[in-house]
Amino acid sequence: MTNLARRSILKATAAGGAFAAATVAHAASFGNPDEPPQGAINTQGNPASVADPGPNNPDLAKQFPGAFSPPATSVGDMPMFWASFNNAPRRIQNGGWARQVTQGDFGISESISGVNMRLTRGGIRELHWHLSAEWAYVTRGVCRITTIDELGRPNVEDVRDGGLWYFPAGLPHSLQGIGEDGCEFIICFDDGKASEFNTTLVTDWLAHTPPEDLALNFGVPVDTFAKIPLNDLYIFQGEMPGPLGAEQLQAGGDAGQPTLRSTFQLNEVAPLSKTRSGFVQVADSSNFKISKTIAAALNTIHPGGMRAMHWHPNADEWQYFIAGQGQMTVFNTGPQAVTQNFNPGDIGYVKRAYGHYIRNTGNTDLVYLEVFNSAYFSEVSLSDWLAHTPRAMVAQTMNVDAAIVERFPSGRPAVLPA
């Protein structure tokens with residue numbers, strides 16, 4: 001071996017030793033648990049380690065600080081749990097528009113697909129039905145919904161912002177914007193693969209049925225249908241409907257009223273949990289009786305607050321962010337801990353039983369929906385679980401004094417600090 005080779009090996013060995021010493025100095029400390037150490041905090045003295053010379057999109061990167069520079073506690077990897085309606089293509093027609101995010105766009109979203117739709121004042125989403133159940137939350141304006149149940153009992157109702165509707169799978173319905181500026185809403189289907197752009201439309205069926213069969217079915221002359229649309233309308237500009245009471249009376253006839261209402265005002269329900277940092281309002285089959293496959297929670301987190309560390313044992317969680325800015329960390333075995341940021345119009349998704357929490361990172365209220373493919377809302381709070389476990393067990397596990405465990409929040413506060 002030449003002297004040059006020996007010197008190279010000695011230099012490499014020395015460098016390796018220095019690296020190992022630096023690693024030992026940083027690793028295995030509170031808030032910095034991993035080996036090798038993770039995060040920008042462990043690159044002190046070497047700023048090139050965190051630099052991103054590009055190509056890049058700085059404006060986009062600024063929206064995701066939790067991903068661009070994760071905390072030192074982040075570790076491992078997970079399927080992307082962020083998506084957004086903001087970059088989903090809109091289908092725009094005279095009368096409104098719609099855009100969607102299905103599992104085809106958002107691979108992790110197996111149990112829920114989402115739609116964002118706007119209807120002008122008088123704009124109509126034509127008569128149709130789906131193979132999946134439809135649940136919706138109105139974010140702006142007022143929408144008139146019409147539907148009918150299996151016994152022929154109609155339901156015509158107006159749904160304003162903060163309200164819900166639910167149509168069981170296979171039941172036909174229509175939607176119309178009637179607010180001063182129409183309406184906008186979020187639709188969730190109880191199937192991640194369901195598509196808003198592949199629905200059963202009344203115009204399609206009529207156009208593809210022989211005229212004599214239509215006449216036989218409706219008991220009218222054949223030429224009655226001579227001017228039916230030959231292509232589906234989907235969304236179109238219509239005339240404003242009559243007063244709600246008059247339309248309910250006309251549609252009802254002698255059919256009678258359905259036993260279950262199709263609508264519910266979620267933003268007026270008493271909170272399931274309320275603290276000085278925010279509150280959570282829930283709608284599921286216990287109070288919104290018709291909603292047998294979708295449960296939901298409307299979360300309001302004040303600045304500085306945090307949706308407590310928790311998980312849902314019964315279903316995946318689909319999220320829609322309405323207002324404010326938030327940062328969510330998701331935890332799973334591995335360990336895996338990944339952080340992502342969310343803004344209005346964004347969608348999140350957390351797999352069943354994955355631990356997670358969300359912090360309000362802005363200076364206004366963070367408002368978002370949690371939606372579950374389930375008949376009921378179910379949640380396990382980390383602090384509540386530990387507060388109701390024998391203190392000696394918790395103290396030994398966490399290496400803390402038992403008196404500290406006694407101070408953990410109990411009573412299932414959903415938003416902290418309480």
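1. Helices (H or I, at least four residues) and strands (E, at least two) are DSSP runs, numbered from the N terminus. On that basis the protein chain has nine helices and 25 strands.

2. This is a predicted model, in which local features need pLDDT of at least 70 and side-chain atom pairs count only at pLDDT 80 or more, while totals for chains, interfaces and linings use all residues. Residues are numbered from 1 along each chain as its sequence is written, and side-chain values use heavy atoms, with hydrogens and water left out.

3. Along the principal axes, the C-alpha atoms fill a box of roughly 105 × 60 × 35 Å. Of the contacts (heavy atoms within 4.5 Å) with a separation of 6 or more, 75% join residues 24 or more positions apart.

4. Of the 418 residues in the protein chain, 45% are buried (under 20% relative accessible area, 1.4 Å probe, protein chains only).

5. The largest pocket (an open set of points on a 1 Å grid over the protein atoms alone, with protein on both sides within 12 Å along at least five of seven lines) holds about 830 Å³ of space, a volume being the space filled by probe spheres set on the points. Its lining (residues with an atom within 4 Å of a point) comprises 21 residues, with Thr 73, Met 309, Phe 331, Tyr 357 and Leu 382 nearest the centre. Strands β17 (306-311), β19 (326-332), β20 (336-342) and β22 (355-360) each give two or more residues to this lining.

6. One cavity (points where a 1.4 Å probe fits but cannot get out) of 30 Å³ or more is found in the whole structure. The largest cavity holds about 40 Å³, and its lining includes Met 78, Phe 81, Val 330 and Lys 351.

Key:
Buried means under 20% relative accessible area, exposed over 50%, partly exposed in between (1.4 Å probe, protein chains only).
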